[in-house]
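Let's take a friendly walk through a protein structure, one step at a time. Keep the picture open while you read, and look up each residue as it comes along.

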Amino acid sequence: MSYLIDIILIAVGAALINNFVLYYFVGICPFIGVSRRVDMAFGMGCAVTFVISIAAFLSWTITTYVLMPGAPLSKWIAGFFVPADVAAKIDLTILSYIVYIFAIASSVQFVEMYVRKFYPPLYKSFGVFLPLITTNCAILFACLKIMGNIIGVDNPADAWDLGRSLTLAVFGGVGFTIAIVIMAGIREELDLCDIPKPFQGAAITLVVAGILAMAFMGFTGVDSGLQKALTSQAGASTAENKNADINVGMSKFIIENQPIDENIPKG
Amino acid sequence: MVKQNKIIEPEATGMLKSKKRGYILQAWLVLTLALCFGASLAGVQLTLGPTIEENKINETRQKVPELVLGAEKAQKIEEQGQALFIEPHTISIEKPGKKISYSVYEARLNEELIGWVLKTAGQGYADKIELLLGLDPQAKTITGLFILEQKETPGLGNKIITEAWRKQFINKDTGRQLIVVKKGTKALNEIDAITGATISSRAVTGLVNTAIGDLKGSLVAKASHNQPTKDE
Amino acid sequence: MVDQPTPLERFVQGILPENPVYRQLLGLCPTLAVTNGMKAAVTMSCAVAFVLLCANVITSLIRNLLKPHLRIVIFTLTIATFVTIADRFLAAYMYQMSKTLGPYIPLIIVNCIIICRCEVCASKQSVLTAASDALGQSIGFALALSSIAAVREILGTGMFFGWRVLPISWPDWVIMVLPPGAFLTFGILLGTVNWIGSYRSEKSGNR
């Protein structure tokens, strides 16, 4: 249940509250470049969502099994050459940026080839955007966020699993699509307006995006409310006694204490 | 057909050869570059890696004396040249449906336990709030609060980092749950909300309550567990 | 043969006439994301300048060996390496700043300015020209970033580089340091730059 709540919160957070374009400013180039017509914007959004999911899958897998300090695959390979205790400490995090960018570039290439070969109509509708996507910051940003939630956490137990990572990526892509489609809709109307000449094109798009970002700021705080609503519901259904009594005895807990260095004298 | 093939052949192989050589040259170029870059990255990691690790650890550790002893006393101790002995632990708590892990720092001065610092994080108004909470050895009163990370609204929610607001938590009894009130505190367990940022204030207070509720038992157990060893 | 631009020409061109942000609309992601304070903007500009300079010099050194199909791969490899170095360096010596900039430092890899300069300039010209081009472009980028950051920080917090410049009675326009402020400020500044540009070209045209 708490896992489901987590997933919902990540999804809402990525798509609306911390929208990739309007909050984190990633993927601005296509947001300004390809938002002239709604159908093109939608095609771009779909392409980004598609690629971002694949990139997230790749980056989660690579980070967890190869790059992370003490990752199983690199530990196993290094185990042949160096003693086991050294192998367990191998940390390839420094390579992560290079690995991610090549994972993205190659997955874009493969997706393009695959789609062109097997789904020509699909390729016609959004294939043209695929090469552009490699340099779209949104994809790399999703990978970096996932990495931050795997490597950057204090306790290994808090590291994101594949489900959470994919949710972030897919709904980040959905958020991108929402933003770019709304923008395209506004710009189609803007064509009919009398805009001062220096502001035509990118400048007015940015100002409109500013107003759009203001509107999206209205979603801030939705997640804490949602979390409260969901947990209280879940708490009621499982009859979980939620913090009612703070003076609970220690018998309630299973204490697993792992001192990091072993110099505590044991009485 | 056959004749034609024979005529074309030498030329084709020649072209193929030069093309092949081009590819091999390119491959060598990429390989050499990759090697150079790999070596430079390894060098960077070796020289800067320890500093980065230290930065990460120091970020929380530097705050421990102030959180446990209060700013004045912490400075006095530093002037005297004494250093706290800080030991990190991980404490896991099993709750219905999930397992939560906390980082806990044990602070000792001259072999004597003087307090605990807990690190906890949770959803704030805008994004995650990460904070450090200082407790006395018996986990009876709060000795300090520090916000490590927040992205609350500037000018409103981000006032949770101001000392004036954080000060309210000091000397609060952990026996009773802290409550956020809007207009002036009356009871001892009340925290004054920041004007216009009740949600952020509630989020921080809620995090403090949950962390104390989760860890009080095990901290008390650890404190009494460590006590006899000192006498031995 | 196209006549080769001199190093000085490339340097001057990059600052205003071919400003990467205002004229070419490249590298908008950091332009908007890290400009809520001058310190962050300046650090970001330095990181971009470092990566751009190194990438341009390396590309220019190996320009005769490059073949089209592998060019982009080599560019990406070079850029990613230098970005990693810059990122580690920041994490080691400016830890708080590297936390503030967060993912935007690694996002320099996909910053169009760098790959564009490598492709357009450095892969065709001598090392000196490439380096001066990189310097000019990074000064242009830094100017753009600091112009936006100055507006946002002064209006949003009443401070400049952390020093108070507006009276304490100034009601902070919080919106300026929030995401919408970035879009609004940049949009209006871009419009103004376009307007000045068209005004000047009109004037010289009349003469």
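We can begin with how chain C is held together, keeping in mind that this is a predicted model. Take the contacts in chain C between residues at least 6 apart in sequence: 75% of these join residues at least 24 apart. In chain A, the corresponding share is 77%.

What are the elements of chain C? Chain C has 9 helices and 2 strands. If you follow chain C from the N terminus, the order is α-α-α-α-α-α-α-β-β-α-α. With a radius of gyration of 18 Å, close to the 17 Å that the globule rule gives for 207 residues, chain C is as compact as a globular protein of that length. Along its principal axes, the C-alpha trace of chain C spans about 60 × 55 × 25 Å.

Next, think about inside and outside. Of the 207 residues of chain C, 53% count as buried. The accessible surface of chain C comes to about 9000 Å², and carbon and sulfur atoms account for 69% of that surface. Chain C also carries 15 positive and 9 negative charges, and the mean positions of these two groups are 3 Å apart.

Now let's zoom in on single residues of chain C. Find C:T81, which lies in helix α4, covering residues 68-93. Is C:T81 buried or exposed? Its relative accessibility is 0%, and because buried means under 20%, C:T81 counts as buried. Which residues does C:T81 touch, leaving aside its neighbours within four places in sequence? The contacts of C:T81 are A:I98 in chain A, together with B:F37, B:S40 and B:L41 in chain B.

A second residue to look up is C:L101, found in helix α5, which covers residues 95-101 of chain C. C:L101 has a relative accessibility of 1%, so it counts as buried. Leaving aside neighbours within four places in sequence, C:L101 is in contact with C:V34, C:A40, C:T43, C:M44 and C:L90. You can also locate C:D87, 14 residues away from C:L101 along the chain; the C-alpha atoms of C:L101 and C:D87 are separated by 9.9 Å.

Let's move over to chain A. There are 12 helices and 1 strand in this chain. Reading chain A along the sequence gives α-α-α-α-α-α-α-α-α-α-α-α-β. Chain A has 267 residues, and buried residues make up 46% of them. The surface that chain A exposes is about 12900 Å², with carbon and sulfur atoms supplying 68% of it.

Our last stop is the aromatic rings. How many aromatic pairs are there over all chains? The count comes to 19. One of the pairs is formed by A:Y114 and A:Y119, with 6.1 Å from centre to centre and 55° between the planes, and this pair is tilted. A:Y114 has 47% relative accessibility, so it counts as partly exposed. A:Y119 counts as partly exposed too, at 43%. Finally, look for an aromatic cluster that takes in residues of chains A and C: A:F20, A:Y23, A:Y24, A:F141 and C:Y104 form this one cluster.

Definitions and conventions: Residues are numbered from 1 along each chain as its sequence is written. Chains are lettered from A and ligands numbered from 1 in the order in which they are written. This is a predicted model: local features need pLDDT of at least 70, side-chain atom pairs count only at pLDDT 80 or more; totals for chains, interfaces and linings use all residues. Side-chain values use heavy atoms; hydrogens and water are left out. Helices (H or I, at least four residues) and strands (E, at least two) are DSSP runs, numbered from the N terminus. The radius of gyration is taken over C-alpha atoms; the globule rule is 2.2 Å times the number of residues to the power 0.38. Buried means under 20% relative accessible area, exposed over 50%, partly exposed in between (1.4 Å probe, protein chains only). Contact means heavy atoms within 4.5 Å. Accessible areas come from the Shrake-Rupley method with a 1.4 Å probe; for residues, only the protein chains shown count as cover. Lys and Arg count as positive and Asp and Glu as negative; His and the chain ends are not counted. The place of a charge is taken as NZ of Lys, CZ of Arg, CG of Asp or CD of Glu. Rings of Phe, Tyr and Trp (its six-membered ring) pair if their centres lie within 6.5 Å; planes under 30 degrees apart count as stacked, over 60 as edge-to-face and the rest as tilted.
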